[in-house]
Amino acid sequence: MARTVSWFIAVVPVRWSVDRARAHERRTSSRDGRASAGSEAASIVHAMPSASRVHVPALVVSMHGARGRVVDACARAVSRGVHPGMALAHARACCGAAEEFQHDPARDARAFDRFAEWSLRWTPRVHAWRDDGGEASPRPFVLLDARGCLRVHGGAPRLADRIRHALAARGIEHALASDAVAGAAVVRATAIAGAMAAGSPADGAAIARAPIDDLPIEALRIPVEAVSGLREVGVRTVGQLRAIGRDAVVNRFGPEPMRCLDVATGAEPWPFAPVRAPDPVESEFRFASPCACMQAVEQAVHASLESLTVQLRQRRRGVRALEVRVEGAGLRRVCGTVHLGVAVDDAAHLWTVLRPRIERLHLGRHEDGQGIERILFRAARLGRMEVHEPGLHGADRSPSTPLPALDAEREVALLVDHLRARLGEHACRRP
Amino acid sequence: MNHAAWKNRMEAMAPAWNADAGQVPLGWAAADAALGGGLPRSGLHEWWGERVHVRAVVVHVAWQLLLDADRRGDRSSVAWIGGETWPQPEHLVRGTRAWLTWMFGGGGGIGDGSDARARACSPRGSPQWPPQWPDARMHERSIMVDVPAGDRGARLWAVEQAARCRGLCAVIADARGFDMPATRRLQLAARDVPVLAWAGSARRRSGASAAATRWSVEEDRGPRPVPWLRGMHALAERIPAEPAWLVRLERARGRAVDPSCMPVDRAVASWQWQGVSEPPAAVRRAAQRRSRRVAEAADLATRRAADATAAWPGAHAADAVGASVSPSLPARRAGRGRDRMTSRGERWAGHVRDGVDNGRAA
């Protein structure tokens, strides 16, 4: 009997506020960006909105009246001497020209929750932790319980590589560590993140190989007061903390440091609180009796799609892949997935795409008791819907008015969906 | 109602093209003049001729439409509907032979905004004669739609859907066998997007059409110049002539085209030697990386020089860290071997400079 190997992967975003603000800025600029008239290069630059900005230092700033304070800074800014907590004027003097973003803890928290949900693609058991975003609070992290999923991903190193690449592609600077003990993975990833945040990624690589006893006590995520107290008495590493008697530490610093140590060493199980997967966006229509009338089926599809799009609009998302399931009495079950070129929350477009397929459905003979009983639509993949300014790009737009790049791409994607639905999956190609 | 009033009324009901959409100059003087500024950015435009010849000319028109859309800030695409209209891969990249123009000073055609004479008198690399790079925008923004050639209804439907799409700047379609109602449908659908329809070989021309313009294309068999070569160049006589085509504007609705002297232009494959002055993104990124490395190296050299001055006030900084502190080239450490750490973790160069063992070495 195969034994289930327990394996945990901890991911700690190093500069979450900066990465989140930059991603938001990138998305906003690509949505609003328009190539200037008369410039051939403008369209080329437009294809890479962030290319010219990657090397500009970025600061996340919290303003208190007229005084600003740096909350987070990118690696480039850190290399120039900026650190969180520094006065904005001082940081400006260190960095020169820098991108400044307003600190928005609520938005950061929401984005991190979405990140935790996104992590569910690797394993169904994900634990996420984040604090209120205070200055001294430890970095948020995501812990993936990869038990049972390693075979799917081709082993632990491959899964870690996949996560690493996916995060790098999204511009998230992160520290990743994996271990058979959940607490050890978290401690190691926290230590690596600390080294990276201090601007020494080489130390991070060394930490990944170092024994856990050599890691600093801050990596245990014990309270700040306890850390400062332990440092006062010369306890700087996990090994030194372990060497002290348990009662002495508890008497002086409370139970928290030893509890964190027990969790890190595996003596105490990790308090795993799994992230709940978001409710699926789905819509179902059940007929009272088997239905073999095409008009009724079309109406049912219309109603289901309307219900689906209402849910999508509530979430401000569009569907990128739609699972369709049609079950009937005396008929073979029909299942399939329709992939769309762009996120869509428009029932009319979904109907346009589905219509050729629905028309080809075999409905059976009503006299023989055959017919459709249930139609189910489920959004297998969601995409972000871009917000449009009403009236600017609508039907009242003049033909000579240029269409924003994102809108033009969207229009083409809708056309491709439309053509593929009727002419076949391979009818449209890119050279 | 007299004929003129009737014609005006019909034009008002169904204009030949959408006047709001504007026109795009094609670079063909006679045709542009006859159309009053260029090809309309809307409506159905019918092309007759052999497939290979029409395709080569239509590629030129598609490039002009795409460049015009980019100049207006419109990042729209081009749809090629029907396998017969699909271009060759080399048609989708402009300026693959731009190095010839750069080397021999020719070109000076439409759209690049340069003066051939001024360029011929100026050295290569000067602002009048900038280097040219290939331009793959058509490759990035083309959609190939495969429709069964025998299914005329599907072809018409696909062209109509594309003509209604606002994200396209041109639709190139296989319109063989489309009758009057079909062309009427397309003419009405193409309000915002020009549809360039290959209607078939000129020998089989038949039937009426509602197209806004009608063109015929045939191969030019007369003497042809080499456009990418400077006129007086010694190689001009030895190089085979470039392919060229005669493009004839036969009809333009709303415009008087005299059948006895139709506007005829000579078209050449100018997209092959007309590149862009902006380098591709990869080249630009590499240049940025290079300049950044150079700047960082210069910064590092300056800081090392400052450190060395602070460490050995009596010594010359450049002597300590290397003589090259040029801002354009990375500093090279001339005395690298002397600045190593000893096995006991001491700086060897420090002892040499100080000349005394200040107690650090055991």
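Begin with chain A, where the predicted model contains 16 helices and 12 strands. Of its 431 residues, 36% count as buried, and among the contacts in chain A between residues at least 6 apart in sequence, 65% join residues at least 24 apart. With chain A still selected, keep in mind that the model as a whole scores ipTM 0.73 and pTM 0.70.

**Strand β1 of chain A**

Select residues 8-13 of chain A, which form strand β1, and colour them by burial: 6 of the 6 residues are buried. The cover extends to both faces, with Phe8(A), Ala10(A) and Val12(A) on one side and Ile9(A), Val11(A) and Pro13(A) on the other. Now add residues 141-145 of chain A, strand β6, which pairs with β1(A) in the antiparallel sense over 4 bridges; within this pairing, Ile9(A) stands opposite Leu144(A). Then add residues 174-179 of chain A, strand β7, whose pairing with β1(A) is also antiparallel and runs over 6 bridges, with Val11(A) placed opposite Leu176(A).

**Helix α8 of chain A**

Move next to residues 182-197 of chain A, helix α8, where a distance drawn from the first C-alpha to the last comes to 22 Å, close to the 22 Å expected for 16 residues at 1.5 Å a residue. Because 16 of the 16 residues of α8(A) are buried, the helix is largely enclosed by the rest of the structure. Just after α8(A), select Gly199(A), whose phi is positive, near 90°.

**Two arginines with positive phi**

Which is buried and which is exposed, Arg221(A) or Arg316(A)? Centre first on Arg221(A), in the loop between α9 (201-209) and α10 (224-232) of chain A, where phi is near 65°, a positive value in a residue other than glycine. Arg221(A) has 21 C-beta neighbours inside 10 Å and therefore counts as buried. Then go to Arg316(A), in the loop between α14 and β9 of chain A, with a phi near 60°, again positive in a residue that is not glycine. Arg316(A) has 12 C-beta neighbours inside 10 Å, so this residue counts as exposed.

**Helix α15 of chain A**

Select residues 347-359 of chain A, the 13 residues of helix α15, whose end C-alpha atoms are 17 Å apart, in agreement with the 18 Å that the helix should span at 1.5 Å a residue. Look along the helix to Val353(A), where there is a kink of about 40° shortly before the proline Pro356(A). Val353(A) is also one of the buried residues of α15(A), together with Leu350(A) and Leu354(A). To see what covers these buried residues, display elements including α14 (294-315), β9 (317-329), β10 (334-344) and α16 (405-423) of chain A.

**Across to chain B**

Chain B comes to 11 helices and 10 strands, and buried residues make up 40% of its 362 residues. Its contacts with a separation of 6 or more are accounted for, to 71%, by residues 24 or more positions apart.

Show the open sheet of 9 strands, which takes in strands of both chains in the order β12(A)-β5(B)-β4(B)-β6(B)-β7(B)-β3(B)-β8(B)-β9(B)-β10(B), with mixed pairing. At the edges stand β12 (428-429) of chain A and β10 (264-268) of chain B, each with a single partner strand, so one side of each is left without a neighbour in the sheet. Within the sheet, select β3 (residues 44-48) and β8 (residues 213-219) of chain B, which run parallel and are joined by 4 bridges; here His45(B) stands opposite Thr213(B).

**Nonpolar cores**

The largest nonpolar core has 100 residues, of which Val159(B), Ala170(B), Val171(B) and Val195(B) touch the most other members. Helix α3 (residues 51-71) of chain B gives the most to this core, with 12 residues. Centre on Val171(B) and display the residues it touches beyond four places in sequence, including Ala79(B), Ile81(B), Val159(B) and Val193(B). Apart from this core lies another, of 56 residues, among them Ala182(A), Val187(A), Ala191(A) and Met258(A).

**Where confidence falls**

Finally, colour chain B by pLDDT: the mean is 78, and 70% of its residues reach 70 or more. Over residues 108-114 of chain B the pLDDT is below 50, and this stretch has 17 contacts in the model beyond near neighbours in sequence. Residues 350-362 of chain B likewise stay under 50, with 9 contacts beyond four places in sequence.

How values were computed:
Residues are numbered from 1 along each chain as its sequence is written. Chains are lettered from A and ligands numbered from 1 in the order in which they are written. This is a predicted model: local features need pLDDT of at least 70, side-chain atom pairs count only at pLDDT 80 or more; totals for chains, interfaces and linings use all residues. A residue is buried if 20 or more other C-beta atoms lie within 10 Å of its own, exposed if 12 or fewer, and partly exposed in between; C-beta atoms are placed from the backbone. Two residues are in contact if their C-beta atoms, placed from the backbone, lie within 7 Å. Two strands pair if DSSP finds at least two bridges between them. The expected span of a helix is 1.5 Å times one less than its number of residues. The bend at a residue is the angle between axes fitted to the seven residues ending there and the seven starting there. A nonpolar core is a set of buried Ala, Val, Leu, Ile, Met, Phe, Trp, Tyr and Cys residues joined through C-beta atoms within 7 Å. pLDDT is the predictor's confidence in each residue, from 0 to 100.
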